[in-house]
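Q: Please take a close look at one pocket of this model, and then carry the reading on to the helices, the cysteines and the backbone. I would like each term explained with its cut-offs where it comes up.

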Amino acid sequence: MNLTGQAADSADDVVWFKTHCSRMDHGGCALRVGVKDGCIVEIRPDAEGVLNRGYVCSKGLASPEKLDHPDRLKKPLKRTGKRGSGRWKEISWPEALDQIAFEFKRIRHRHGARSVVFCQGMPKGLEHFVLIRLAHAFGCPNIAAVQDVCHAPREVCGLHTCGFFPVVDLRQPSRFILIWGANPAATNEEGAIFSLLRNQLRNGCRYAVIDPFRTELADKADVFLQIRPGTDAALAMAMLQVVISEKRYDEDFVRDWTVGFDELARRCDEYAPEAVAEYCGLTASRIQSCARMYATLKPSALFWGNAIEHHPESWNTIRALICLMAICGNLDVSGGNVHALDPAITGLGEFVRSDLVPDKIRQMIHAHYGVVPRMMTVPGSYFRKAVLESIPYPVRGAYVQCANPLIGYPQTSMTRQALMALDFLAVSDVFMTPTAALADIVLPAATQFEFDDIGHYGLGHGIILARPRIVDPPAECKSDMWILNEIGKRISPAELWFDDPKEILDAVLKPSGLNYAQFSEAGFLEGKKIERKYRRSGFKTRSKKVELRLDSATQWGLDPLPAAELARKAGQTSANEPFNLLLTSAKSPHYLHSSYRWIEGLRKREPLPYCRIHPETAASARIAQGERVRIVTSAGSLVQWAEISDRIRPDVVLAASGWWELEDQGDDVSANYNQATAAFPSGKAFGTPKLKAVPCRIEKL
């Protein structure tokens with residue numbers, strides 16, 4: 001056993017090491033890991049953690065359970081029967097890697113390099129960026145991922161509107177925090193750990209919550225706006241209208257550092273709270289109260305979750321919210337939303353070797369659909385359309401890691417069709433997922449605590465975290481970085497790759513002057529904290545100002561000003577329609593998307609997929625607590641168990657997402673949320689499908 005990391009202390013033959021959590025969420029929580037006889041025996045939160053300050057969630061505490069789970073993949077597998085038949089034979093690593101290389105080069109020879117797509121789910125560590133490097137080295141511009149519904153809309157809107165991704169600053173005092181489409185007490189995004197928010201609230205910070213579900217945080221909020229799903233853009237425009245009409249904006253900032261304020265003000269006249277309130281399912285007075293607090297209690301921060309990115313209107317919602325940050329003077333100020341600077345590390349473009357595919361932006365699949373520039377991953381809907389219809393060109397092969405598209409992509413039937421239609425599919429994973437069950441080659445991946453990694457690289461939060469290996473993986477389980485490095489040597493020039501994957505880590509850290517061992521000793525690296533950087537050289541936009549009116553949007557077929565759909569088709573329903581409710585979902589505090597439902601410690605906390613419905617809704621459908629129900633949309637249906645709660649709106653069904661069982665392996669999964677969602681129509685800006693605010697009905701089985 002070759003343990004890495006820093007031993008903190010030892011007692012009773014338990015040796016303690018420090019690392020950061022990963023692959024149970026984006027990670028960020030500093031952990032103390034107790035090891036005895038080569039096995040992890042206990043997890044504790046690290047009180048010195050820069051982001052968590054002694055906090056850890058149930059997922060982090062249960063994370064060692066997946067390392068020695070009896071159903072874990074431990075050998076490379078090759079399909080021997082019909083795709084999806086579940087017939088496999090064990091093969092060696094050289095045989096598996098050679099087969100992948102042969103198939104990918106064969107496809108490249110017949111159709112071109114862009115006909116192989118490299119797929120990732122939520123970025124969990126450095127493996128995402130090594131995957132991009134592999135694609136570029138192969139000559140392929142296409143990395144398919146879930147960024148169209150997670151992170152990219154906020155990042156790309158920020159880059160175009162103000163020149164950066166506005167990150168919530170929870171480490172400096174705020175006077176007011178607006179929590180929109182997020183439930184940080186249950187799940188955390190990268191860098192935004194609940195303990196930081198909790199400390200702010202304990203110190204007297206006031207806050208508001210915007211959510212269709214009354215969360216625990218909403219119970220104590222100064223203002224709770226129980227919004228109708230799908231109406232976020234309208235609410236954001238109404239808040240802008242309040243701030244502008246009541247002259248509560250920062251006049252100096254608006255005058256000196258924005259363009260298009262007068263046009264924005266005229267646009268907002270259409271969205272007075274009185275005109276928007278009924279559509280949003282709110283009262284005008286609550287909208288006004290929330291807007292006034294955000295504008296006057298400075299600094300105010302917007303804690304925005306990716307729920308606002310799960311709707312085709314995400315472009316308008318996010319544009320409006322960045323405009324709100326800007327005119328209220330809460331942009332790039334401590335305690336507001338900041339432009340986080342990276343530490344001295346290798347730049348993303350250099351690391352992923354963007355120079356190898358210089359015309360990438362024009363060659364990517366989604367360029368055909370005219371999505372907003374700087375969207376650097378292919379939306380899953382467009383990836384599948386390329387497989388099934390060869391639009392804009394054929395896609396015949398795919399490599400999938402850290403992802404389970406058959407469960408995670410909208411419209412499950414379309415995903416299954418696309419995966420079955422591929423000439424070749426390779427999957428790296430820890431368990432035999434429904435997606436892996438359709439592969440030709442399945443590779444057993446190492447997981448958290450079993451390899452050296454760097455967390456938060458490339459995410460725009462200004463910090464990277466050390467995740468040193470604590471224990472060895474099973475003999476034939478390999479880290480994704482090792483796998484990609486070996487595939488790279490086989491399908492691209494060997495000089496682009498490394499003798500040892502540890503050199504990948506040092507390549508990222510090189511500008512810092514630290515090697516990986518020194519970085520692990522430090523625990524993290526962080527960029528300089530400089531607020532109001534625009535005063536030195538302006539914003540990184542074409543006008544050097546915040547572009548409330550984004551003139552370049554017209555080139556992409558989009559409105560240069562934020563707007564909102566107020567017609568009923570955008571979200572409202574009526575009782576006499578076949579689909580008289582709105583279907584939405586929320587992340588579980590116990591699982592990570594479609595992962596880890598087989599971990600006993602977590603399954604006990606949430607044993608079944610429950611959908612929450614209001615008592616009035618249950619009564620009208622004659623549904624009792626705990627009964628099995630079917631949720632039906634125009635795209636399909638799913639089956640879950642009813643949990644009756646007055647915390648959800650009467651016109652909303654809040655279903656569990658990500659559900660499947662180990663025995664499902666490739667078959668349609670009745671509880672899977674995405675059996676009731678559609679890939680199209682999608683948003684013009686990002687190709688975003690409607691994952692929330694889906695018209696539905698509910699019935700007792």
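A: The pocket comes first, followed by two helices, the cysteines, some backbone details and two single residues.

The model is predicted, which is why local features need a pLDDT of at least 70 and side-chain atom pairs count only at pLDDT 80 or more, while totals for chains, interfaces and linings use all residues. Residues are numbered from 1 along each chain as its sequence is written, and side-chain values use heavy atoms, with hydrogens and water left out.

The second largest pocket has a volume of about 1,000 Å³. On a 1 Å grid over the protein atoms alone, a pocket is an open set of points with protein on both sides within 12 Å along at least five of seven lines, whereas a cavity is a set where a 1.4 Å probe fits but cannot get out; lining residues have an atom within 4 Å of a point. Grid points are joined across faces, edges and corners, and the volume is the space filled by probe spheres set on the points. Of the 39 residues that line this second largest pocket, Glu 155, Leu 159, Leu 348, Met 376 and Gly 458 are the closest to its centre. At least two lining residues come from each of α3 (127-138), α4 (152-161) and α13 (348-352), where helices are DSSP runs of H or I with at least four residues and strands are runs of E with at least two, numbered from the N terminus. Sorted by class, the lining holds 19 nonpolar, 14 polar and six charged residues; Ala, Val, Leu, Ile, Met, Phe, Trp, Tyr, Cys and Pro count as nonpolar, Asp, Glu, Lys and Arg as charged, and the others, Gly among them, as polar.

Turning to the helices, α17 (residues 412-421) has Thr 412, Met 414, Thr 415, Ala 418 and Leu 419 as its buried residues. Seen down the axis of α17, these residues fall within an arc of 160°, so they line one face of the helix, the arc being that of the directions from the helix axis to the C-beta atoms. Buried means under 20% relative accessible area, exposed over 50%, and partly exposed in between, with a 1.4 Å probe and protein chains only. The cover over the buried residues of α17 includes α15 (380-389), α16 (405-408) and β18 (424-429). Ser 413 also belongs to α17, but Ser 413 is partly exposed, at 45% relative accessible area.

In helix α9 (residues 261-268), the buried residues are Phe 261, Leu 264, Ala 265, Arg 267 and Cys 268. They span an arc of only 160° around the axis, which puts them on the same side of α9. The exposed residues Asp 262 and Arg 266 sit on the face of α9 turned away from its buried side. The buried residues of α9 pack against α7 (232-245), α8 (251-257), β13 (258-259) and α12 (314-327), contact meaning heavy atoms within 4.5 Å.

For the cysteines, a disulfide is a pair of cysteine sulfur atoms within 2.5 Å, and by this rule the count is zero disulfides. Cys 268 is in no disulfide, with the nearest cysteine sulfur, that of Cys 323, 8.0 Å away. The sulfur of Cys 57 is 6.2 Å from the closest cysteine sulfur, in Cys 21, which is too far for a bond.

Most residues other than glycine have a negative phi, and most peptide bonds are trans. Cys 402, in the loop between β17 (397-401) and α16, has a positive phi of about 50° although it is not a glycine, and Cys 402 is buried at 12% relative accessible area. Arg 53, in the loop between β4 (39-45) and α1 (58-62), likewise has a positive phi, near 50°, but Arg 53 counts as partly exposed at 45% relative accessibility. The peptide bond from Lys 298 to Pro 299 is cis, with omega near -5°, and Pro 299 lies in the loop between α11 (284-296) and β14 (300-304). Phe 680 and Pro 681 are also joined by a cis peptide bond, with omega about 0°, and Pro 681 lies in the loop between β28 (652-656) and β29 (694-700).

Finally, the C-alpha atoms of Ser 413 and Asp 429 are 22 Å apart in space, the two residues being 16 residues apart in sequence. Trp 88, in strand β6 (residues 88-90), is partly exposed at 22% relative accessible area.
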